[in-house]
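Hello,

Here is the structure for you to take over. My notes follow below it.

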Amino acid sequence: MKVPFLALPAQHRFLKSEILSLVSDSLDTAGFIGGPQVENFEKEFAEFCEASFCIGVSSGTDALRFALLAAGIGPGDEVITVPNTFIATIEAISQVGAVPVFVDIDSKTYNIDTVKIQEKVTARTKALLPVHLYGQPADMDPVTDIAKKYKLKIIEDACQAHGARYKGKRAGTMGDAGCFSFYPGKNLGACGEGGAVVTQDENIAKTVRMLRDHGQVKKYYHEIEGYNGRLDAIQAGILRIKLKKLQEWNSLRRQAAAWYSQLLSGVPQVRIPKQAEYARSVYHLYVILAEDRDKLMKFLSAKGIATGMHYPLPLHLQHAYRHLGHSKGDFPVCEEVAAKLLSLPIFPEITHEQVMYVTDRIKEFYTN
Ligand SMILES: Cc1ncc(COP(=O)(O)O)c(C=O)c1O
């Protein structure tokens, strides 16, 4: 049996005629930039997120960059985040001129260890940037308390957490702004690049709207210097088609995660992911900690099972960020997790049979 890491072609098979007719309409109207598809998607995604405003942008990275800029973060400021995330989180921080400051992750949730945030706050700290990794929201109450105490902004990286909830609240709506990616493999993915910022703050919404479109308030009137960072109309239209399925897809991911957790619960060499009591995860990824991870990965690959590592080398140890001056041992929890983590195949269409095949092969590996 073959088990892919994700199965976008299967997802598209059901949506193909609707997507093709949308593309065909777009060719007829030549409405590629802005317009009703983008505006309607923004309305619908804001509603889905239970947020006041949504601004479509060209990627999750731009969403983070524009949200930071709109929150007033700039050169010399420090932004606290985690070393176990996709590099875009800290690219956005450094590209607005600020400095990423890392806090180790919690050993149970792999999200920011909120107990360790306060010791990293300095006079230069301007924002906290929690990442809702793998689809599980970070523990936002302590994050919010620290932000209030030190008057810091909160930008949420919700790029892996479309539809997740923290104590009933949607990921992306608890800080000053929430940032989403619609990279194809995300829980809500475009057929290309895309992203969005959601916010309850009208001023942030207004600034992000300008930033994504060369700082324009109206055509050729530039209030600020901005970027070419728009969400295009075809992607917005495709996202509208897929958004209608997101709730159901997230439930199917949760179902698959429950199958994995049940089938792997008696395997001593494997640690299954824990959903925190405050969280409703949408399982963008199902990440186990596995003894002999690299050998297991090879074994599974030989058995037709695709797996991934999110992420194998923590950001504080990446060559690109060597100027931050970190070394091995600085964030021990993150480093230990990185050495063992393994992402198993998860996508809405995965069957019980496929999950059983994966877990049987994992058991086979450890009994031999
Ligand atoms: C946690 C996280 N942050 C940021 C990003 C960046 O999103 P994009 O690839 O759309 O720029 C991603 C997507 O890969 C992500 O997973």
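**Ligand site**

The ligand has 16 residues around it, counted when a heavy atom lies within 4 Å. The closest are Gly60, Thr61, Asp157, Ser181 and Lys186.

A caution first: this is a predicted model, where local features need pLDDT of at least 70, side-chain atom pairs count only at pLDDT 80 or more, and totals for chains, interfaces and linings use all residues. Residues are numbered from 1 along each chain as its sequence is written, and side-chain values use heavy atoms, with hydrogens and water left out.

Polar contacts here are pairs of N or O atoms within 3.5 Å; within protein, one must be able to donate a hydrogen and the other to accept it, and residues adjacent in sequence count only if both atoms are side-chain atoms. Serine 181 places a polar side-chain atom 2.7 Å from a ligand oxygen. For lysine 186 the distance to a ligand oxygen is 2.9 Å. Glutamine 160 also has a side-chain N or O atom 2.9 Å from an oxygen of the ligand. The protein buries 93% of the 390 Å² that the ligand exposes when taken alone (Shrake-Rupley method, 1.4 Å probe).

**Helix α7**

Helices are DSSP runs (H or I, at least four residues), numbered from the N terminus. α7 covers residues 233–264, 32 residues in total. Its first and last C-alpha atoms are 43 Å apart, close to the expected 46 Å (1.5 Å times one less than the number of residues). At the start of α7, a side-chain oxygen of aspartate 232 comes within 3.0 Å of the backbone nitrogen of isoleucine 234.

Best wishes

Terms used:
Helix = DSSP H or I, 4+ residues; strand = E, 2+ residues; numbered from the N terminus.
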